[in-house]
Amino acid sequence: MSAPCMHPSCLLLLLLVVCRHAHTNLVSVTENTTVTTEPPVETLSPITPPVAPLTPLQTGQKSVVLTGENHTEKVEVVNPVTLNLECVWTGDNKRLPNITGYWTKDGKTIESSYSNTQLQNDRYYLRKEFSIMSEEDLGTYSCIFGPKAKVDFILAAPYLGEMRDKPIVSYVGDSVVMICKMDEKKSKPINWNWYKHNGTSKEKIEVDSPGHRYKITKDEKKTKLVVHNLTESDSGVYFCGAVYGIGTSMGHMQLRVITYFEPLKPFLGILVEVLVLVAVILLYEKTGSKKENQSGPEGNPDQTSNLSHGENAVADGHSGTARQRKV
Amino acid sequence: MPAAVVMDKAALPLDGGWGWMVVLGAHISIGFAYATPKALSIFFKEIQGDLMSSYSDIAWISSIMLAVMYAGGPVSSALVNRYGSRPIVMLGGLMCGMSMVTASFGSSIVYLYLCIGVIGGCGLALNLNASLTIISKYFHARRPLANGLAMAGSPVFLCFLAPLNQFLLERFGWRGSLLILGALMLNCCVAGALMRPVLTPTQKKLKEQTNGSTTIKDCHIKNVKQFLDFTFFKDRGFVIYLIGNIMFIFGAYAPIVFLSAYAVSQGVDEYYAAYLLSIMGFVDMFIRPGTGLIANSKWIRPRVQYFFSFAMVFNGICHLLCPLITSYPLLVVYAVFFGVGFGMVFALIFECLMDLMGNQRFPSAVGLVTIIECVPMLLGPPAAGKSQCTVTKVVLKTIC
């Protein structure tokens with residue numbers, strides 16, 4: 001801890017340290033506290049004290065130990081947070097005492113992030129603190145050790161659960177239910193919104209739109225959009241958005257509205273096929289039996305005549321009770 | 001080779017010729033009867049979402065359909081005795097088609113229970129009974145083979161309907177799919193048209209001589225007696241057959257219901273677990289006619305009841321060994337053996353009843369058997385689920 005002193009800049013530094021420690025939630029892995037390595041704050045004047053954020057800003061810590069060449073880590077961000085990312089690399093065969101490491105965001109190098117890391121306890125360390133305040137700050141952050149090793153941190157709002165990839169098919173005049181669910185294990189969103197894609201952009205769906213055709217129900221982790229009295233123009237892509245402090249997580253599904261004529265065509269086709277086949281079979285039988293009647297009873301052994309009563313007593317009397325074992 | 005029809009004494013069944021077309025008709029009819037309740041489950045998730053009810057409520061549709069199909073047995077037998085197979089199968093086909101078409105307009109779960117479950121089930125009941133009866137009229141020497149070929153309709157149609165239903169669901173949604181499925185079921189009418197009625201020459205002469213009124217009256221009296229003929233219970237063979245069947249059916253359907261879940265619990269991927277049932281169905285498709293062929297051979301035919309018992313024991317042993325299996329390749333082997341056992345039993349199940357009861361009593365007997373089998377079939381899978389046991393009962397059946 002710094003010794004108490006009366007100099008203004010020293011007081012300022014002390015104030016900063018106190019504010020910072022008051023808001024830390026998680027324990028930092030590194031032994032050096034961030035205060036001593038942080039450059040002195042230059043932007044604030046000695047007179048005005050630093051403005052504390054209105055809502056307590058959380059800090060988080062993510063540490064990954066890399067043994068191979070690549071690793072990807074998914075990080076779920078729900079609210080604005082100051083995130084300390086740390087990469088620990090076990091090194092390769094060469095064991096150089098010094099390595100250049102840097103950070104990238106979404107593939108673009110962060111210029112101020114170049115640093116030389118030294119081999120400590122047989123490992124290389126790269127640490128950086130990132131302020132994740134809004135949706136633009138989300139993305140893929142990578143720490144790169146020389147040309148050799150890389151760890152990707154994918155920062156995103158919680159993904160929606162399994163979304164339906166096949167289109168929902170419904171009929172004109174019918175109603176349809178579209179559901180979006182957030183996984184049980186993930187945090188619940190602040191709000192849910194529904195949007196419809198109208199060719200160029202997403203248009204938000206309001207419940208009190210003219211016609212009262214939409215109904216939105218919002219549970220904690222589930223939302224339902226019910227559309228009544230469907231018309232063909234209702235076809236298209238619908239988006240559901242789970243709103244979090246950091247941004248909105250979107251899921252999408254496609255709706256197809258068709259008329260009854262579409263399935264009617266194969267239906268009529270099959271119906272015609274059935275009628276044709278039945279007619280053919282019955283006609284064949286009639287012509288066959290006519291031939292038999294013309295040529296007399298000593299005809300074709302393949303022919304049978306018609307009566308359908310169960311009066312098989314004469315025919316089957318002898319086999320009614322005896323087992324038919326003879327082949 | 002078609003047996004020559006001798007005109008001056010009782011005609012023997014054809015055993016060939018047009019009989020094979022009748023087998024085709026029976027194949028189609030039985031195929032729809034067994035495959036439709038199972039294939040409908042592909043639509044359940046969609047219907048559940050649209051009608052906003054729980055999955056178990058929707059699953060009742062299949063159960064009701066199967067239950068009505070089996071419970072409608074005696075009524076179907078009576079109608080077949082009175083009118084013959086052809087009009088009954090055609091009526092059954094029309095009812096099934098209509099049931100699906102009306103169901104496609106449904107907006108409540110009870111409406112679906114009535115349309116698909118009750119009306120559809122009745123249609124299928126008419127189909128099933130009439131198809132089995134006409135086989136016994138057309139075949140004698142080759143009856144086991146004919147039965148095997150006809151019963152093979154069940155796995156063949158399931159294999160064909162399952163992917164078709166999936167395709168229709170994606171294209172047309174569940175309503176359009178039910179509409180098209182209704183049209184497909186009208187093909188049972190084609191099957192019915194194939195089932196040309198059989199008449200012996202003496203009966204034809206009888207019809208020509210009398211004016212018809214007295215014979216019809218006699219017919220009525222006889223049919224009332226045959227409707228639910230409880231004198232069957234006096235037949236020891238029939239009772240043993242019935243008890244054995246009840247025990248078998250109680251346990252037989254549970255492995256099908258739980259096989260994928262068991263595989264997943266052993267660490268198999270869900271996709272591969274679903275394959276197991278397809279393997280079983282595929283094997284079943286070939287085993288049924290194969291069993292019919294074997295049962296037709298001169299060594300087995302006189303002892304067909306023992307062959308049937310063997311098939312049931314084989315099934316039971318197969319399921320008893322199942323808990324020992326933990327790896328996927330062995331599960332595949334189990335699925336193959338399961339298919340073999342299942343196919344053998346179902347190829348012979350009605351052949352043995354025909355063998356026991358004879359042509360005249362068969363229609364009524366099969367009606368009675370199906371209505372009694374309704375109970376274990378509905379209770380089996382839930383009971384197995386409740387006991388949380390993956391070992392099914394071993395069924396032993398001996399026929400004297």
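Trainee: Is B:Thr133 buried or exposed?

Mentor: This is a predicted model, in which local features need pLDDT of at least 70, side-chain atom pairs count only at pLDDT 80 or more, and totals for chains, interfaces and linings use all residues. Residues are numbered from 1 along each chain as its sequence is written, chains are lettered from A and ligands numbered from 1 in the order in which they are written, and side-chain values use heavy atoms, without hydrogens and water. A residue is called buried under 20% relative accessible area, exposed over 50% and partly exposed in between, with a 1.4 Å probe and protein chains only. B:Thr133 has a relative accessible area of 1%, so the word for B:Thr133 is buried.

Trainee: Which residues are in contact with B:Thr133, leaving aside neighbours within four places in sequence?

Mentor: B:Thr133 sits in helix α6 of chain B; helices (H or I, at least four residues) and strands (E, at least two) are DSSP runs numbered from the N terminus. Contact means heavy atoms within 4.5 Å. With the sequence neighbours set aside, the partners of B:Thr133 are B:Val80, B:Ser85, B:Phe362 and B:Pro363.

Trainee: Which residues does B:Asn127 contact, again without neighbours within four places in sequence?

Mentor: B:Asn127 also belongs to helix α6 of chain B. B:Asn127 counts as buried because its relative accessibility is 0%. Its contacts are B:Ser29, B:Val89, B:Gly92, B:Gly93 and B:Cys188.

Trainee: At which residue does α6(B) bend?

Mentor: α6(B) covers residues 109-138, and its 30 residues reach 42 Å from first to last C-alpha, close to the expected 44 Å. That expected span is 1.5 Å times one less than the number of residues. A bend is the angle between axes fitted to the seven residues ending at a position and the seven starting there. In α6(B) the bend is about 25 degrees, at B:Gly120.

Trainee: How many of the residues of α6(B) are buried?

Mentor: B:Asn127, at 0% relative accessibility, is buried. The helix is mostly covered, and of its 30 residues the number buried is 23.

Trainee: At what angle do α12(B) and α14(B) pack?

Mentor: Axes are lines fitted to C-alpha atoms, for helices over the stretch in contact, and angles run from 0 to 180 degrees between N-to-C directions. Where the two helices meet, B:Tyr241, B:Gly244, B:Asn245, B:Phe248 and B:Pro255 of α12(B) touch B:Phe308, B:Met312, B:Asn315 and B:His319 of α14(B). The axes of α12(B) (residues 236-265) and α14(B) (residues 304-321) are 11 Å apart, at an angle of about 30 degrees.

Trainee: Is the crossing of α8(B) and α13(B) left-handed or right-handed?

Mentor: The axes of α8(B) (residues 153-185) and α13(B) (residues 270-296) come within 8 Å and cross at roughly 145 degrees. In contact are B:Ser154, B:Pro155, B:Val156 and B:Cys159 of α8(B) with B:Gly281, B:Asp284, B:Met285 and B:Arg288 of α13(B). A crossing is left-handed if the near helix is turned anticlockwise from the far one by less than a right angle, and right-handed if clockwise. For α8(B) and α13(B) the crossing is left-handed.

Trainee: How many strands does chain A have?

Mentor: Of the 327 residues of chain A, 35% count as buried. Beside 4 helices, the number of strands in chain A is 17.

Trainee: In the sheet β11-β15-β14 of chain A, which strands stand at the edges?

Mentor: These 3 strands form an open sheet with antiparallel pairing, and strands pair if DSSP finds at least two bridges between them. Each edge strand has a single partner, so one side of each is left without a neighbour in the sheet; the two are β11 (176-181) and β14 (214-218) of chain A.

Trainee: What is the bridge partner of A:Met178 in β15(A)?

Mentor: β11(A) and β15(A) (residues 222-227) run antiparallel and are joined by 6 bridges. Opposite A:Met178, the partner is A:Leu225.

Trainee: Which residue of β17(A) stands opposite A:Ile168?

Mentor: β10(A) (residues 168-171) is covered on both faces, with A:Ile168 and A:Ser170 buried on one side and A:Val169 and A:Tyr171 on the other. It pairs with β17(A) (residues 248-258) in the parallel sense over 4 bridges. The residue opposite A:Ile168 is A:Leu255.
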